[in-house]
Amino acid sequence: MFRDAALVAGKDLRIELRSRVAINQVLPLAVLLLVLFAFALDPDTGLLVRATPGLFWIATVLCGLLAVQRAFAVETADGVTDGLRLSALDTGGLFLGKAAAVALQLIVLQALLLAGVVVLYDAAPSGWLMLVVTCGTATAGIAAAGTLFGVLAAGVRVRETLLPLLLLPVLAPVLLAATRAFEAAFEGRSSEGWPWVGLLAAFALVYIVAGLFGFGALLEES
Amino acid sequence: MNEWGYVIAGWAVSAAVLVAYALWIILRGRALSKEVPPEDRRWM
Amino acid sequence: MEPAVHLRGAVALIGRFPALAGVDLDVAPGEVVLLRGPNGAGKTSLLRACAGLLPVVDGEAVVLGQDLRTDRVAVRQRVGLLGHRTALYDDLTVGDNVRFWTRSVGGDEKDGDAAMARLGLSGRLASVAVNRLSAGQRRRVALAVLIARRPQLWLLDEPHAGLDQPTRDEIDRIVGEAAAAGATVLVASHELDRAEALAARSVEIVGGHIDASGGTGPPREDVSRVP
Amino acid sequence: MTSKFAVDLPISADQPSLAGPSGTGSGGTRVLGALTLVGIALVAFLAFVATPADSDMGDTVRLIYVHVPIVSVAYLGIVIATIGSIAFLWKRSEWWDLVASSSAEVSAVLMGLTLVVGMIWGKPTWGVYWVWDARLTSTLVLFLLLLGYQAVRRTSVDPWVRGKRSAIVGLLLLPNVLIVNRSVEWWRSLHQEPTLLRLDPTIEGLQLFTLVLAIGVTALMFVWLAVHRFRLAWLQDRVDRRLLVDAIEDRRSEVTV
């Protein structure tokens with residue numbers, strides 16, 4: 001299973017490196033979102049700095065949605081889904097591989113976003129351990145849930161609208177928990193953040209298990 | 001609107017929505033029953 | 001001998017459309033059978049059903065000894081499907097595509113390299129992204145993937161369409177070799193004269209079933225081998 | 001139309017006793033429906049006449065007798081939908097798929113209603129229709145989750161594909177409910193909001209009895225709605241199946257041109 005996961009993740013990352021969709025389009029979009037947030041929330045009143053954790057995670061979730069859509073656009077083009085079904089790849093490995101590729105892209109994106117809020121919003125992050133652990137668990141959850149619903153939506157005519165409708169309400173608690181954990185870290189109250197990290201970990205666990213068992217059945221029908 | 005107004009409104013909305021939903025089910029069920037042979041609709 | 005493909009009253013649906021409406025077909029191992037019939041008759045659906053992709057919902061369906069009604073997944077690694085769509089990643093190179101798909105069936109990358117060499121894909125073309133290829137070149141890449149899979153049942157959907165003459169001849173040679181080595185081949189084709197040379201027997205598909213009057217050739221038993 | 005069914009249809013018109021019910025009702029559901037109606041009348045009497053206004057909430061307490069039962073039963077429906085989804089994946093039967101989907105749809109209606117009634121109750125109580133109260137917020141998110149489930153059901157006409165897709169979404173409904181409720185509750189408690197609302201006022205005696213009775217009656221109503229919705233979906237699938245039989249006949253009669 002892990003060998004197949006590595007094969008699939010390597011393939012997905014290679015596609016992203018060669019097509020440069022993530023680098024040329026998603027990353028600029030993330031920066032653009034930071035700029036638009038600054039227009040919407042007046043930077044002079046301190047509102048922007050206080051809202052930074054929330055804005056960071058809204059940007060992450062939206063870009064995650066795009067990354068998932070992209071990950072499955074690649075698999076539905078030119079009958080590739082049939083190729084996957086005709087392969088001997090373990091479906092659990094397929095799920096892990098695709099989720100890992102999405103997760104890795106999101107981690108890179110978050111590093112850029114973090115630099116962005118420091119430079120543009122004058123945010124002063126602290127509590128680095130909390131920040132890193134939050135990013136890790138939240139990203140695992142976003143990637144797992146995104147990959148599970150991504151393959152479901154991939155087989156459907158209305159996938160562009162179905163995926164956000166399914167995914168965003170499900171990710172609402174992730175957005176909430178990750179934002180609170182970031183707030184706690186930013187304000188130097190890391191201890192208050194750990195229950196939220198626990199919630200994020202529980203979420204990631206539920207969706208990783210669901211994906212390992214459900215991905216094959218959904219791939220079958222897409 | 002006083003408190004009673006809100007109370008009446010709440011009850012009325014609930015009744016209206018539930019009655020409409022139940023009616024939709026019943027009428028649609030009658031329409032479909034005509035298209036299905038009786039052996040397929042022997043309810044428990 | 002147990003047939004490689006055994007269908008009896010097989011029904012398969014695409015949504016609510018009965019793409020296969022009761023197909024009866026037996027193909028012996030090593031046999032090459034041509035599927036004829038108008039567009040929309042169900043040729044592609046028949047090939048996809050035999051590949052275990054399109055579920056058979058009624059009737060009997062046994063392919064390579066696997067009952068498709070109970071487990072249509074098990075047969076998949078043992079078949080090779082060349083369809084209208086080539087199932088290649090646009091952004092990857094030819095070499096990356098062939099290697100990924102070869103490894104995806106647990107195959108050896110060397111098999112992939114050998115298949116690429118045979119189809120003239122191993123030189124400069126190997127490092128070109130698939131989205132820069134012509135339609136004919138794409139199909140050659142798909143064919144290389146197919147060879148590297150070493151399938152026991154070859155399902156070819158219009159294999160000659162959109163290819164130049166040397167490649168067509170190469171396909172015929174490859175199919176002949178596979179059949180000689182004991183693989184079973186189903187070919188759906190419009191180019192009858194060409195495909196009939198390849199196949200010993202043909203069946204006519206119309207309206208999602210086999211037209212009993214329309215076929216040619218012996219209804220087998222004796223395994224026909226085409227050089 | 002194939003001959004197979006054309007023969008049966010006139011008989012069902014002529015001999016209703018042999019024909020089975022003419023709709024989704026049956027003896028059992030009629031009794032259930034009558035009980036529900038009597039129960040609703042009793043609850044209405046208790047809620048409007050017999051019980052006094054609350055010392056904290058005044059007359060708006062009378063909305064609690066609608067609001068709380070509806071939201072409780074909506075949660076019950078989600079639990080049933082999750083159980084049905086798991087059972088479908090296990091048993092692979094259409095029956096469980098329809099149990100899950102019928103419960104989920106009735107739940108979605110009740111969740112939507114909860115939001116509306118909650119807002120109507122909020123206006124006189126808080127002075128605004130909406131506050132970011134933990135329960136109201138999680139109800140909204142759950143309502144959206146249920147809409148997503150319904151959207152998934154409409155993505156395929158093939159009962160098997162539809163069943164598998166929606167069962168995986170359906171079995172995640174309950175974990176999602178738990179995660180959403182937990183996160184939203186923590187979120188609100190962190191902010192130390194003044195207690196705008198005590199949804200668990202110390203009601204007792206006749207008020208408590210009315211509330212408990214209302215929950216029971218609403219549960220009966222849920223069963224009635226879900227059973228009828230199940231039968232409706234069942235009929236729909238039979239109709240689809242008959243169309244399919246015709247379609248296969250049509251397809252086989254295509255001939256070589």
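The paragraphs below go through the confidence, the chain contacts and the fold of chain A in a predicted model.

Residues are counted from 1 along each chain as its sequence is written, while chains get letters from A and ligands get numbers from 1 in the order in which they are written. Since this is a prediction, local features need pLDDT of at least 70 and side-chain atom pairs count only at pLDDT 80 or more, whereas totals for chains, interfaces and linings use all residues.

The model comes with ipTM 0.85 and pTM 0.88. For chain D, the mean pLDDT (the predictor's confidence in each residue, from 0 to 100) is 83, with 85% of its residues at 70 or more. Residues 1-19 of chain D sit below 50, and that stretch has 12 contacts in the model beyond near neighbours in sequence; two residues are in contact if their C-beta atoms, placed from the backbone, lie within 7 Å. Residues 192-198 of chain D also stay under 50, with 6 contacts beyond four places in sequence. Where pLDDT is low, the predicted coordinates should not be read in detail.

Turning to the interfaces, 4 pairs of chains are in contact, and chains B and D share the most contacts among them. Chain D puts 35 residues into that contact and chain B 28 residues. On the chain D side, two or more residues come from each of α2 (8-14), α5 (61-91), α6 (94-126) and α10 (205-252), and α10(D) gives the most, with 9 residues. Helices (H or I, at least four residues) and strands (E, at least two) are DSSP runs, numbered from the N terminus. By residue type, this side of chain D splits into 17 nonpolar, 11 polar and 7 charged. Nonpolar here covers Ala, Val, Leu, Ile, Met, Phe, Trp, Tyr, Cys and Pro, charged covers Asp, Glu, Lys and Arg, and polar takes the others, Gly among them.

Chain C meets chain D through 16 residues, against 14 residues from chain D. On the chain C side, β1 (5-14), β2 (17-27), β9 (201-206) and β10 (209-216) each supply at least two residues, with the largest share, 4 residues, from β2(C). Chains A and B, by comparison, have no contact, and their closest C-alpha atoms lie 24 Å apart. Chains B and C do not touch either, with nearest C-alpha atoms 18 Å apart.

As for chain A, there are 8 helices and 0 strands. The C-alpha trace of chain A spans about 55 × 35 × 30 Å along its principal axes.
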